[in-house]
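Subject: Structure handover

Hello,

Here is the structure for you to look over. My notes follow below it.

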Amino acid sequence: VLSLGVLGYKAARPLGAEKRGERTAGEWIAARAAGRPVLIWTNISRVGWYSGAERLPMTEQTPSAPERLVEQARAWGVDYLVVNRHVDGDAEFLGLCPGLCAWAATRGADRLRQVFETPTDPRPGRADRDRIRVFEVVR
């Protein structure tokens with residue numbers, strides 16, 4: 001019975017619903033790029049694909065301190081940092097997004113500017129989980 005409930009839930013959702021934000025963020029970047037080369041740094045590979053941008057992957061070695069992350073992004077010539085709260089299913093990614101969002105809104109406003117955010121997921125318990133944020137790296 002439990003299996004049928006899970007299958008019913010999965011079947012009731014549109015196929016690829018969880019990927020919609022990745023496509024939306026990628027297409028937003030592509031529209032802003034207007035044909036010029038763009039470099040993004042993200043843990044979300046589909047955003048890179050949809051944007052057509054060159055993508056640097058975030059790894060466990062990616063600095064989690066916002067100041068160090070942005071310093072590295074500027075040194076590498078990154079145009080956009082694209083983050084969400086999670087990567088690889090349910091594994092929290094360095095707690096990056098909450099700290100980066102707060103830092104960018106206060107002390108880092110002259111170096112990093114949030115320019116896009118996907119809509120909130122209306123499903124219970126997922127409001128902020130899959131939200132994608134795009135930050136422009138200010139040089």
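**A salt-bridge network**

Arg36 is partly exposed, with a relative accessible area of 41%. This is a predicted model, so please read every value below as computed from it.

Arg36 meets Asp79 in a salt bridge, at 3.9 Å from N to O. That pair links distant parts of the chain. Arg36 sits in the loop between helix 2 and strand 1, while Asp79 sits in the loop between helix 4 (66–76) and strand 3. The two are 43 residues apart.

Is Asp79 buried or exposed? Its relative accessibility is 15%, and the cut-off for buried is under 20%, so Asp79 counts as buried.

Asp79 has a second partner. The side chain of Arg139 meets Asp79 in a salt bridge at 3.6 Å, N to O. This pair also links distant parts of the chain, with the two positions 60 residues apart. Arg139 lies in the segment after strand 7. Arg139 is exposed, with a relative accessible area of 53%. Together, Arg36, Asp79 and Arg139 are linked in a network of salt bridges.

Side chains of opposite charge can pair when their charged atoms come close. The whole structure holds eight salt bridges. One more of them is described under helix 2.

**Overall layout**

The protein has five helices and seven strands. Along the sequence, the pattern reads α-α-β-α-β-α-β-β-β-α-β-β. Of the 139 residues, 40% are buried. Take the contacts between residues at least 6 apart in sequence: 61% of them join residues at least 24 apart.

**The sheet**

Which strands form the sheet, and in what order? Five strands make an open sheet, ordered 2-1-3-7-6. The pairing is mixed. Strand 2 and strand 6 are the edge strands, each pairing on one side only. From one strand to the next, the twist averages 30°.

Strand 1 and strand 2 run parallel and are joined by four bridges. In one of these strands, strand 2, Glu54 is the bridge partner of Leu39. Helix 4 packs on the sheet. Helix 4 touches strand 1, strand 2, strand 3, strand 6 and strand 7. The direction of helix 4 makes about 155° with that of strand 1.

**Helix 2**

Helix 2 covers residues 20–33. At 1.5 Å a residue, its 14 residues should span 20 Å. The end C-alpha atoms are 20 Å apart, which agrees.

Which residues of helix 2 are buried? They are Glu22, Ala25, Gly26, Trp28, Ile29 and Ala33. Seen down the helix axis, these buried residues fall within an arc of 155°, so they line one face of helix 2. Their cover includes strand 1 (39–42), helix 3, strand 3 (80–83), strand 6 (112–117) and strand 7 (133–137).

Helix 2 also holds a salt bridge, between Glu27 and Arg23. The closest N and O atoms are 2.9 Å apart. Glu27 and Arg23 are four residues apart, about one turn of the helix. Glu27 has 39% relative accessibility and counts as partly exposed. Arg23, at 43%, also counts as partly exposed.

What follows helix 2? Ala34 does, and its phi is positive, near 50°.

**Ala53**

Where is Ala53 placed? Ala53 lies in the loop between helix 3 (45–51) and strand 2 (54–57). With a relative accessible area of 14%, Ala53 is buried. Leaving aside neighbours within four places in sequence, Ala53 is in contact with Val38, Ile40 and Gly48.

Look also at Ala53 and Ala30. They are 23 residues apart along the chain. Their C-alpha atoms are separated by 7.4 Å.

**Where to start**

I would open the view on Asp79, since the salt bridges to Arg36 and Arg139 both end there. Then turn to helix 2 and its buried face. Finish with the sheet, in the order 2-1-3-7-6, and helix 4 packed on it.

Best wishes

Technical notes
Residues are numbered from 1 along each chain as its sequence is written. This is a predicted model: local features need pLDDT of at least 70, side-chain atom pairs count only at pLDDT 80 or more; totals for chains, interfaces and linings use all residues. Side-chain values use heavy atoms; hydrogens and water are left out. Buried means under 20% relative accessible area, exposed over 50%, partly exposed in between (1.4 Å probe, protein chains only). Contact means heavy atoms within 4.5 Å. The expected span of a helix is 1.5 Å times one less than its number of residues. The arc is that of the directions from the helix axis to the C-beta atoms. A salt bridge is a side-chain nitrogen of Lys or Arg within 4 Å of a carboxyl oxygen of Asp or Glu. Two strands pair if DSSP finds at least two bridges between them. Axes are lines fitted to C-alpha atoms, for helices over the stretch in contact, and angles run from 0 to 180 degrees between N-to-C directions.
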